[in-house]
Amino acid sequence: MSPTVHEVRNSIRVATGRFEREFEASFTKEELQAICATLEIDVDETGQPSTTRMRRLIRAQVGIAESLETADDSTFRKADLQAIADAVGTSSEP
């Protein structure tokens, strides 16, 4: 059986040094920053980068989008999460 979105998110959290969550929730700004750090993405902003910019950078880095300009800034869908899980070096299987 394929993993749920919640299970894939939690595997990404663990692979990036964050804690698993008991309830289903989108990534926090801090979790997005941890994913960027793991993928060696230079956010290149002073202070706290926006969540939408980090989502776009992650999508471009893992190949979900062809470029930053074409990347969607919405929350990640299951296929996006599975690509991110592969990129951070975790299996998306529970």
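Visitor: In what order do the elements of the protein run from the N terminus on?

Guide: The order is α-α-α-α, with four helices and zero strands in the protein. Helices (H or I, at least four residues) and strands (E, at least two) are DSSP runs, numbered from the N terminus. This is a predicted model, in which local features need pLDDT of at least 70 and side-chain atom pairs count only at pLDDT 80 or more, while totals for chains, interfaces and linings use all residues. Residues are numbered from 1 along each chain as its sequence is written, and side-chain values use heavy atoms, with hydrogens and water left out.

Visitor: What does the radius of gyration say about the protein?

Guide: The radius is taken over C-alpha atoms, and the globule rule to set beside it is 2.2 Å times the number of residues to the power 0.38. Here the radius of gyration is 12 Å, close to the 12 Å from the rule for 94 residues, so the protein is as compact as a globular protein of that length. Along the principal axes, the C-alpha atoms fill a box of roughly 40 × 25 × 20 Å.

Visitor: How many of the 94 residues, in percent, count as buried?

Guide: Buried means under 20% relative accessible area, exposed means over 50%, and partly exposed is in between (1.4 Å probe, protein chains only). By that cut-off, 38% of the 94 residues count as buried.

Visitor: Which residues have the most contacts inside the largest nonpolar core?

Guide: In soluble globular proteins, nonpolar side chains tend to be buried together. A nonpolar core is a set of buried Ala, Val, Leu, Ile, Met, Phe, Trp, Tyr and Cys residues joined through side-chain atoms within 4.5 Å. The largest one in this model has 18 residues, and Ile-12, Phe-27, Ile-35, Leu-39, Ile-58, Phe-76 and Ile-84 have the most contacts inside it. H1, H2, H3 and H4 each supply at least two residues of this core, and H3 gives the most, with four residues.

Visitor: What is Ile-58 in contact with, leaving aside neighbours within four places in sequence?

Guide: Contact means heavy atoms within 4.5 Å. On that basis Ile-58 is in contact with Leu-32, Ile-35, Cys-36, Leu-39, Ile-41, Phe-76 and Ile-84.

Visitor: Which residues of helix H2 are buried?

Guide: An α-helix has 3.6 residues a turn, so residues three or four places apart point the same way. In H2 (residues 29–38), the buried residues are Glu-31, Leu-32, Ala-34, Ile-35 and Cys-36. Their cover includes helix H1 (5–15), helix H3 (51–62) and helix H4 (78–87).

Visitor: Is Glu-31 buried or exposed?

Guide: Glu-31 counts as buried because its relative accessibility is 4%. Not counting residues up to four places away in sequence, Glu-31 touches Arg-13, Arg-18, Phe-19, Arg-21 and Ser-26. Its C-alpha is 9.0 Å from that of Gly-17, with the two positions 14 residues apart in sequence numbering.

Visitor: And is Asn-10 buried or exposed?

Guide: Asn-10 lies in helix H1 and counts as buried, at 6% relative accessibility. Beyond its neighbours within four places in sequence, Asn-10 is in contact with Glu-20 and Arg-21.

Visitor: Where is Glu-24 found?

Guide: Glu-24 is in the loop between H1 and H2. It counts as exposed, at 54% relative accessibility. Leaving aside neighbours within four places in sequence, Glu-24 is in contact with Val-5, His-6 and Arg-9. Glu-24 and Val-5 are 19 residues apart in sequence and 8.3 Å apart in space, C-alpha to C-alpha.

Visitor: What is the phi of Glu-40?

Guide: Most residues other than glycine have a negative phi. Glu-40, just after H2, takes a positive phi of about 55 degrees. The residue is found in the loop between H2 and H3 and is exposed, with a relative accessible area of 72%.

Visitor: Where is Asp-42 found?

Guide: Asp-42 is also in the loop between H2 and H3, and counts as exposed at 60% relative accessibility. The C-alpha atoms of Asp-42 and Thr-4 are separated by 30 Å, and the two residues are 38 apart along the chain.
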